[in-house]
Amino acid sequence: MPTNKDAGDRSKKGACAMAMGWSVQCDSCDVCFEAWDDGNPWVWSYEDMKPDASGQLLPKKRYVYHPSPESYEAVGNDFEHLCLDCGKADHYDVFKFKGEGRERPQCVACGGGNVYDVCHLGGKKCPGCDGGTLRDDFSCTMIS
Ligand SMILES: [Zn+2]
Ligand SMILES: [Zn+2]
């Protein structure tokens, strides 16, 4: 049954540009993720560049978070994703795979396409145990 609390969370989220985080937990094992709805946006940093093996100077990734105005200039956004086939959790750049026209990245571990970002795991089958379901837990909502 939907509760007023759910609706309240959603309207709060729409009303401001703050980042919101919550936890995603399996209902039968201790698998638990922290989900942030704006991911980990990053820019290329041209300060303190390090040369690669061929001596070419390469910019470095630098993460920019809310409320930094730089987060609007992000050229990539690493979201934590979970592979529902093999259970591998990793960060994938959503700008990159969406730029390639893909809805979801390919799992780095098993090559499967059943990889979801942690903000969209609620209701999915837990890959860490038999029969568990992943649930969004908004009771400990975090704001940054
Ligand atoms: Zn589980
Ligand atoms: Zn996988």
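Which residues of the largest nonpolar core touch the most other members? I opened the notebook with this point, and I keep in mind throughout that the model is a predicted one.

**Entry: the core**

I went through the largest nonpolar core, which has 13 residues, and found that Val24, Ala35, Leu82, Cys83, Val118, Leu121 and Leu134 touch the most other members. I then looked up which elements feed this core, and noted that strand 1 (20-26) and strand 5 (76-83) each supply at least two of its residues. Strand 1 gives the most, with three residues. I took Leu121 as a sample and listed its contacts, leaving out residues up to four places away in sequence: Leu121 touches Val24, Phe33, Leu82, Tyr116 and Leu134.

**Entry: the chain as a whole**

I counted the secondary structure next, and the chain comes to two helices and eight strands. Read from the N terminus on, the elements run α-β-β-β-β-β-β-α-β-β. I noted that the chain has 144 residues, of which 17% are buried. Taking contacts between residues at least 6 apart in sequence, I recorded that 54% of them join residues at least 24 apart.

**Entry: confidence**

I checked the pLDDT before going further, and wrote down a chain mean of 86, with 88% of the residues reaching 70 or more. Residues 2-16 have a pLDDT below 50, and beyond near neighbours in sequence this stretch makes three contacts in the model. Where pLDDT is low, the predicted coordinates should not be read in detail, and I have left that stretch out of the entries on single residues.

**Entry: the sheet of strands 2, 1 and 8**

I traced an open sheet made of three strands, in the order 2-1-8 and with antiparallel pairing. Strand 2 (32-36) and strand 8 (134-143) are at the edges with a single partner strand each, so one side of each has no neighbour in the sheet. I also noted the angle between neighbouring strands of this sheet, which are turned against each other by 25 degrees on average, direction ignored.

I then went through the two pairings in turn. Strand 1 and strand 8 run antiparallel and are joined by six bridges; along this pairing I found Met20 opposite Ile143 and Gln25 opposite Arg135. Strand 1 and strand 2 are also antiparallel, with five bridges, and they form a hairpin that has five residues between the strands. On this side I found Gln25 opposite Cys32 in strand 2, having already placed Gln25 opposite Arg135 in strand 8.

**Entry: the hairpin of strands 5 and 6**

I returned to strand 5, which is joined to strand 6 (residues 89-93) by five bridges, the two running antiparallel. For Glu80 I looked up the bridge partner in strand 6 and found His91. The hairpin of these two strands has five residues between them, and in it Gly87 takes a positive phi near 85 degrees.

**Entry: three single residues**

Is Pro41 buried or exposed? I located Pro41 in strand 3 (residues 40-51) and counted 23 other C-beta atoms within 10 Å, so Pro41 is buried. Leaving aside its neighbours within four places in sequence, I found Pro41 in contact with Val64, Ser71, Ala74 and Asn77. The C-alpha atoms of Pro41 and Val64 are 5.7 Å apart in space, although the two residues are 23 apart in sequence.

I put Ser139 beside this as a second case, and placed it in strand 8. Ser139 has 8 other C-beta atoms within 10 Å and is therefore exposed. I also looked up its distance to Ser23, which is 116 residues away in sequence, and the C-alpha atoms of the two are 8.5 Å apart.

The third residue was Gln106, in the loop between helix 2 (94-99) and strand 7 (115-117). With 14 C-beta neighbours inside 10 Å, Gln106 counts as partly exposed, because the cut-offs set buried at 20 or more and exposed at 12 or fewer. Apart from its neighbours within four places in sequence, I found Gln106 in contact with Gly111 and Gly113. Tyr116 lies ten residues from Gln106 along the chain, and I noted 10.0 Å between their C-alpha atoms.

Notes:
Residues are numbered from 1 along each chain as its sequence is written. Chains are lettered from A and ligands numbered from 1 in the order in which they are written. This is a predicted model: local features need pLDDT of at least 70, side-chain atom pairs count only at pLDDT 80 or more; totals for chains, interfaces and linings use all residues. A nonpolar core is a set of buried Ala, Val, Leu, Ile, Met, Phe, Trp, Tyr and Cys residues joined through C-beta atoms within 7 Å. Helices (H or I, at least four residues) and strands (E, at least two) are DSSP runs, numbered from the N terminus. Two residues are in contact if their C-beta atoms, placed from the backbone, lie within 7 Å. Two strands pair if DSSP finds at least two bridges between them. Axes are lines fitted to C-alpha atoms, for helices over the stretch in contact, and angles run from 0 to 180 degrees between N-to-C directions. pLDDT is the predictor's confidence in each residue, from 0 to 100.
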